[in-house]
Amino acid sequence: MTYDSDSATVLDDPIITERLEVALRLVSEAVAEDTERAVNRDTTKCAKIMIMDDEPLNIKIVQKYLQRHGYMRFVTTSDATQAMEMFRTERPDIALLDIMMPEVSGIEILQQIRADRQISRIPVVILTAVGDASIKQKALELGATDFLTKPVDPSELVLRVGNALVVKSHYDHLANYSVRLERQVRARTAELMASRRGLVQALARAAEYRDNETANHIVRVGRYVGLIAHELQMPREIAELLEEASLLHDVGKIGIADAILLKPGRLTKDEHEIMQQHCAFGRRIIQHSIEGNREPYGTRSQLELVEPSNAFAWLTPVAAMIAQTHHEHWDGGGYPLGLRGEQIPIEGRITAVADVFDALSSKRPYKEPYAFDQCIEMLERGRGTHFDPQVLDAFLRRTDQIMQIQIDLAGVDRRGVSDRCAAAERLEPQRVAQALH
Ligand SMILES: [Fe+2]
């Protein structure tokens, strides 16, 4: 193949272009490596070197050799009993350790260094006149980085110290990189969780907007659920998961016709049956987001499967279970499945208490809010029939915080006094259960 003199024509050839790219990459990598080596050399010269030898003259000799090659920072001791204290306070980049010292041997010091997490990664070069192979083997087992035989050969000393420092510098770089990476992952995870929380709240509010007058109902229910979970000694991660998952408890109301959902008066039996379908709708809406049209979950609590360290991943199944079971009653008189007692998943039992309390204590189109004491009295009436007694007790032990949540998240009327309100009647307590769809 021939090329004309126009360089553009040559560069158009894909083979030439590819080879040029490879060559450029190799040159660039070589330059980067040289730069890194130079940086490492400079960096290692700033390293703090610790020398321990019971003979002060030996320390001076070693220090002199290293100073001649540009090393500037030293800490030294001939008192082996001070060695560990000096290690912990000075945190040297490398240690040159004599193995045969009175009072405390170099082997013992090495053992203590490797056992202390704060200093265990410091390279330790053993200085010894002893030719005993068993001592060397013991030192290697304990994590000695290298050996130098006395009398120390200056060029060997400098090379071994330099190599150990370069390795440490790479290790430090990796360790720092790993810390930075971990920080980035944590930050990204927090962003992802915040974004997910925003989406969950948006979806929950979309459903709530059609039904309730107060904008903060779902947030308050979530907080009450979190409080109960804490009071039941659940791990913090599980309590946070429940708080978030419970926001979606009524998302299925999106599927209920306005004529029924917004009806101000009492629902007929047929209408009530349709209203009850919001549990199944909610479960399907949530479940579909990850599993398509699979058969519904059983009635096993999803919390039994959650690993606290990975609770983040369990939002959807737990939320689906809450949507399905938050209207079940402890005595079996609830809906949609008529579960009884501990057949009802704990997440559903907790949300039932939180949801009913907030409905009682909030203004609705068909009623004014009940006073706090009245709400508690009405919850107590549901003990053992509507509510799990233990869950109710947990809720009642947190009344101070409940009142605070009511203050912090007092509802703001979105639509003011609506036509629905004008037509609404004040419900007597016995009619509240029917009104709490
Ligand atoms: Fe509901």
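**Close-up views**

**View A. R300 is an exposed residue, because its C-beta atom has 11 other C-beta atoms within 10 Å, and a residue counts as exposed if there are 12 or fewer.** The model shown here, as in every view that follows, is a predicted one. R300 belongs to the loop that runs between helix α12 (278–291) and helix α13. Although R300 and I346 are 46 residues apart along the chain, their C-alpha atoms are separated by 9.2 Å.

**View B. Helix α13 (residues 315–325) packs against helix α14 (residues 346–361), with the two axes 8 Å apart.** The angle between these helices is about 60°, and α13 and α14 are therefore described as oblique to each other. The crossing in which α13 passes α14 is right-handed. On the side of α13 the contact is made by V318, M321, I322 and T325, while E347, G348 and T351 contribute from α14. Sorted by character, the residues of this contact divide into 3 nonpolar, 3 polar and 1 charged.

**View C. An open sheet is formed by 5 strands, which follow one another in the order β2-β1-β3-β4-β5 and pair in the parallel sense.** The edges of the sheet are occupied by β2 (73–77) and β5 (146–149), each of which pairs on one side only. From one strand to the next, the twist averages 20°. Helix α7 (residues 154–209) packs on the sheet and touches β3 (94–98), β4 (124–128) and β5, and the direction of α7 makes about 165° with that of β5.

**View D. Strand β1 (residues 48–52) pairs in the parallel sense with β2, over 5 bridges, and also with β3, over 4 bridges.** M52 is a useful residue to follow in this view: it stands opposite T77 in β2, and M52 also stands opposite L97 in β3.

**View E. Strand β3 is largely enclosed by the rest of the structure, because 5 of its 5 residues are buried.** What covers the two faces of this strand can be followed residue by residue: I94, L96 and D98 are buried on one side, and A95 and L97 are buried on the other. Strand β3 pairs with β4 in the parallel sense over 4 bridges, and the pairing of β3 with β1 is likewise parallel, over 4 bridges.

**View F. D98, a residue of strand β3, counts as buried because it has 24 C-beta neighbours inside 10 Å, where 20 or more are required.** When its neighbours within four places in sequence are left aside, D98 is in contact with M52, D53, D54, G106, L127 and T128. One of these, L127, is the bridge partner of D98 in β4. D98 and T128 are 30 residues apart in sequence, yet their C-alpha atoms are 5.8 Å apart in space.

**View G. The whole chain, into which the close-ups fit, contains 19 helices and 5 strands.** Of its 437 residues, 32% count as buried. Among the contacts in the chain between residues at least 6 apart in sequence, 70% join residues that are at least 24 apart. The contact between D98 and M52 can be looked up here, as can the place of R300 in the loop between α12 and α13.

How values were computed: Residues are numbered from 1 along each chain as its sequence is written. This is a predicted model: local features need pLDDT of at least 70, side-chain atom pairs count only at pLDDT 80 or more; totals for chains, interfaces and linings use all residues. Axes are lines fitted to C-alpha atoms, for helices over the stretch in contact, and angles run from 0 to 180 degrees between N-to-C directions. Angles under 35 degrees count as roughly parallel, over 145 as roughly antiparallel, 65 to 115 as roughly perpendicular and the rest as oblique. A crossing is left-handed if the near helix is turned anticlockwise from the far one by less than a right angle, and right-handed if clockwise. Two residues are in contact if their C-beta atoms, placed from the backbone, lie within 7 Å. Ala, Val, Leu, Ile, Met, Phe, Trp, Tyr, Cys and Pro count as nonpolar, Asp, Glu, Lys and Arg as charged, and the others, Gly among them, as polar. Two strands pair if DSSP finds at least two bridges between them.
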